[in-house]
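This briefing concerns the enclosed cavities of one protein model and the residues that line them. The sequence and structure are shown first.

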Amino acid sequence: MNAAAVIVDRLGVAIGGRPLLDGVDLTVAFGEVLALVGPNGAGKSTLLRAVAGDLPHTGSVSIDGALSGSERPILTARRRAVLEQDNAVAFGFRVGEVVRMGRAPWRGTNRADADDTVVARVLDQMELAARIDQTLPSLSGGERARASFARVLAQETPVLLLDEPTAALDLRHQEAVLDTARAHARAGGAVVVVLHDLSLAGAYADRVAMLADGRIVAVGTPTEVLTADRISDVYRQPVAVIPDPNTGTPVVVPTRRPQEVHS
Ligand code: ADP
Ligand code: MG
């Protein structure tokens, strides 16, 4: 575990002649949660997919010491797990089955002995034990998102690549998912997580990388990156940034006019 978890070097992605990512450099260490933020269409999902090794690109990506595309897919699947933004997971499958799919890369290895234990543990962590036999379409949107996250956890990889894992979740489960991401990093893993909620990024990330128009415009600690001027400029939306009353991490509040009260 001496190599960096993720090394992205001069990454470029173009589709149909249009550059979606250009000259992206990024390093993520083991033990670290890196939040990827930026406006709609900035290229966050594209970057995550390229890091996962799922997109043709120029430049290079290495994960857990292995150069992307240099090894059999099953070996890559033991290094990194991916939560896609629009995960159209397995229509009609039951929650328990979907989570068990996360174990597939370990089939035939001695780690498969832990399949049942791991599946039970992650279902419990995501408060889905009672839903184990329910089909995916019968779940609420938030439960479905947690089932997908549970599948990713069940894969037990050192690197987690998560695209908006909290988008469909209520307050409590947003915190639970990001607490789990932090715990993964604390245990020596690495997490790259796309987040729209800048206050969540501020609270949970060790570092934040802000993307705009296919380029990284800033990378650093939440306090360094999440400044009112930068956010207002990149998002074209004026904001105020105030310190979290408990932790001091940046909380981002859009600037609004007070509501008119009709009487
Ligand atoms: P983000 O996740 O930051 O909102 P994406 O990475 O999904 O943004 O997309 C970045 C840009 O690339 C968008 O403008 C999107 O329309 C475009 N894009 C992504 N995938 C494709 C594709 N397969 N074909 C054409 N354009 C694409
Ligand atoms: Mg996206």
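The structure, a predicted model, holds two cavities of 30 Å³ or more. The largest cavity contains about 50 Å³ of space, and the second largest has a volume of about 30 Å³. Rolling a probe the size of a water molecule over the atoms shows where such empty space is left.

**Largest cavity**

- The lining of the largest cavity is formed by S45, L48, R49, V82, L83, E84, Q85 and D163.
- Two elements, α1 (44–52) and β6 (80–83), each give two or more residues to this lining.
- Of the elements, α1 gives the most to the lining of the largest cavity, with three residues.
- By class, the lining of the largest cavity comprises three nonpolar, two polar and three charged residues.

**Second largest cavity**

- Around the second largest cavity, the lining residues are V33, L178, A181, R182, V193, L195, Y204 and A205.
- Helix α6, which spans residues 171–186, gives the most to the lining of the second largest cavity, with three residues.
- The lining of the second largest cavity divides into seven nonpolar residues, no polar residues and one charged residue.

**Linings side by side**

- Which classes make up each lining? The largest cavity has three nonpolar, two polar and three charged lining residues, whereas the second largest has seven nonpolar, no polar and one charged.
- A helix gives the most residues to the second largest cavity, namely α6 with three, while α1 gives three to the largest cavity.

Technical notes. Residues numbered from 1 in each chain as written. Chains lettered and ligands numbered in written order. Predicted model: local features only at pLDDT ≥ 70, side-chain atom pairs only at ≥ 80, totals over all residues. Heavy atoms only, no water. 1 Å grid on protein atoms, 1.4 Å probe; cavity = no way out; pocket = protein on both sides within 12 Å on 5 of 7 lines; lining within 4 Å. Points joined across faces, edges and corners; volume = space filled by probe spheres on them. Helix = DSSP H or I, 4+ residues; strand = E, 2+ residues; numbered from the N terminus. Nonpolar A, V, L, I, M, F, W, Y, C, P; charged D, E, K, R; others polar.
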